[in-house]
Amino acid sequence: MRNFILYLIIVFGGLFAAVSWKAQRDQKLSSIPVLKVFGSSSFISQWGPGPWLKEEFEKTCECRVEFFDGADSTILFQRLKVEGRSGGADVVLGFDQFDLEMIQQGLEWKPIDHAGYNFFPEVSSVVNLSPLIPYNWSILAFVFKKSENSSLPNRLDDLLKPEFKGKIALQDPRTSSPGLQFLLWLIRVKGEEEAFSFVRKLQNQVSTYAPSWSGAYGQFTKGQVLTAFSYVTSPVYHFVEEKNQDVVAAEFVEGHPIQYEFVGIPGTCKHCDLAQKFVKLLLSPVGQKMIMEKNYMFPAVRGIKEGTPFASVPKYKTLTFEAPSSAAERERILKRWSVQRRGD
Amino acid sequence: MFASFFESIKYVGHLVPIAFLRIFIGYYYLHLALEKFKGDFLSRPRFSAGIAEMLPSLNIPSWYKHFLESQVVPHWQATAFVIVGLEFALAFSYILGYVTRPMALLGLLYSLNLLMLSEPAFAAFHKTFIAIHFVMAWVGAGRCLGLDYYFFKRRRGVWW
């Protein structure tokens, strides 16, 4: 009986001490500012660059960084619009170039000082598009395994060859940014009518229109398809993580589209100065290197990838940057794609 | 065959499988307690709010209902503290095999309370736990792979 009572006293006493310590710690933490950063789940997950940036920033900022999963960019935009200042977003990450028009409708953004950064030429063209700043980018291309393909295709029409029948993984353009990029790429190089005619011919070649990049790429890594629409930096992932040099991105003569990711500071930010400092860290050499190594995308700023496996990515012919078509225009194209896909 | 069926009551086996179950249940309670400790269970009246919401629909004795209304719901902080403390106590006791018998009886009482407060869908779950605590107390599960064996050897008695 004595042992039992003593045991209960020790456990409850220990819990009391732990609860008191936790309350003290929480009180201390609540007295310092909290920088709220909304980002994609891949950015803020333990495998993404988020946790490192948080740790690095908290060393000097006398603040706490809290990450929030922004989920889909449209949902995030609606959330920012509805919640405004009460939502408390200080930094928002993960919008692409197609979101720029949407996010400036009814939302104000603080300008970010980007003078003095040595951006890649591909990035410089999008820096002044909006108050948001690109923090990484990559070129989209079809990836293949050298061991499965004796000769790589070098033009879009090569995808219609019989060996690729049912062996191409693409993304659904209605739900995935790379999927939309592919459709707009076709329209840009072939013209709308010919592009949709190409899409019709491609139906038999495509194994699936996955709702996301990861769904399509998963089919490629599992060997269910011969190729997937991905990034020229995807082979670097296989080289670094798996020591596998079999994966390559094919260069097409038409030139390749580019995908950018942007960071912005909403006008309703509560800790705007801290947000500016966080973006500075994001664009600093250490921040850019971390983003490059975790996201497997190119850094926006030059002088980072030298001496890393990213430097070995060959130079691909890219399409010159054109401001994305309007949201209404894209909606019309997507409707047409949906109708054609249903076979109406 | 029928004679063997009744004769088998004399069969004496190892307590190792029971010790495995005990440690597993201990780990389960540790997980529960840590979740509550790390979350806001101790700082927000989640448990008592749930009880207050369910009270009108609960089919429990009136004295117990009165006890919940007058003691548990208003003193939610103390209640939450006792619940987390009890779960930690059960966790350490079952993992270490220390004071397992009296703790199993407390666990039985705890599961009985949860059974009365739970929705019918969870009733089977809590009944299973009541049975497990009962067996732990009955066999003195801490005597195998547990600290209770040390005391059982020296002192005997019902506590070990």
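The exercises below work through helix packing, the chain B fold, the contact between chains and a few single residues.

The model is predicted, and local features need pLDDT of at least 70, side-chain atom pairs count only at pLDDT 80 or more, while totals for chains, interfaces and linings use all residues. Residues are numbered from 1 along each chain as its sequence is written, and chains are lettered from A and ligands numbered from 1 in the order in which they are written.

**Exercise 1.** Describe how α7(A) packs against α8(A).

Solution. Begin with the geometry: helix α7 (residues 177-190) and helix α8 (residues 192-202) of chain A have axes 7 Å apart and pack at an angle of about 130°. That angle makes α7(A) oblique to α8(A), given that angles under 35 degrees count as roughly parallel, over 145 as roughly antiparallel, 65 to 115 as roughly perpendicular and the rest as oblique. Next list the residues in contact, a term for pairs whose C-beta atoms, placed from the backbone, lie within 7 Å: A:L186, A:I187 and A:K190 of α7(A) meet A:E192, A:E194, A:A195, A:F198 and A:V199 of α8(A). By class these residues divide into five nonpolar, no polar and three charged, where Ala, Val, Leu, Ile, Met, Phe, Trp, Tyr, Cys and Pro count as nonpolar, Asp, Glu, Lys and Arg as charged, and the others, Gly among them, as polar.

**Exercise 2.** Describe the packing of α3(A) with α11(A).

Solution. Take the axes before the residues: those of helix α3 (residues 50-61) and helix α11 (residues 272-283) of chain A come within 11 Å and cross at roughly 130°, and the two helices are therefore oblique to each other. On the α3(A) side A:L53, A:E56, A:F57 and A:C61 take part, and they meet A:L274, A:K277, A:F278, A:L281 and A:L282 in α11(A). This contact has seven nonpolar, no polar and two charged residues.

**Exercise 3.** Summarise the fold of chain B, and then its contact with chain A.

Solution. Chain B has eight helices and zero strands, where helices (H or I, at least four residues) and strands (E, at least two) are DSSP runs, numbered from the N terminus. Of its 160 residues, 26% count as buried, and a residue is buried if 20 or more other C-beta atoms lie within 10 Å of its own, exposed if 12 or fewer, and partly exposed in between. Among contacts in chain B between residues at least 6 apart in sequence, 69% join residues at least 24 apart. Turning to the other chain, nine residues of chain A are in contact with 10 residues of chain B, and the side of chain A that touches chain B has eight nonpolar, one polar and no charged residues.

**Exercise 4.** Locate A:E62 and B:L145, and state the phi of each.

Solution. Most residues other than glycine have a negative phi. Phi of A:E62 is nevertheless near 50°, a positive value; this residue is in the loop between α3 and β2 (64-69) of chain A, and it is exposed because 9 other C-beta atoms lie within 10 Å. Phi of B:L145 is also positive, near 50°, and B:L145 lies in the loop between α7 (120-139) and α8 (148-155) of chain B. With 17 other C-beta atoms within 10 Å, B:L145 is partly exposed.

**Exercise 5.** Place B:E69 in its surroundings.

Solution. B:E69 lies in helix α4 (residues 62-72) of chain B, and it is partly exposed because 13 other C-beta atoms lie within 10 Å. The C-alpha atoms of B:E69 and B:A52 are separated by 7.5 Å, although these residues are 17 apart along the chain.

Key
Axes are lines fitted to C-alpha atoms, for helices over the stretch in contact, and angles run from 0 to 180 degrees between N-to-C directions. Two residues are in contact if their C-beta atoms, placed from the backbone, lie within 7 Å.
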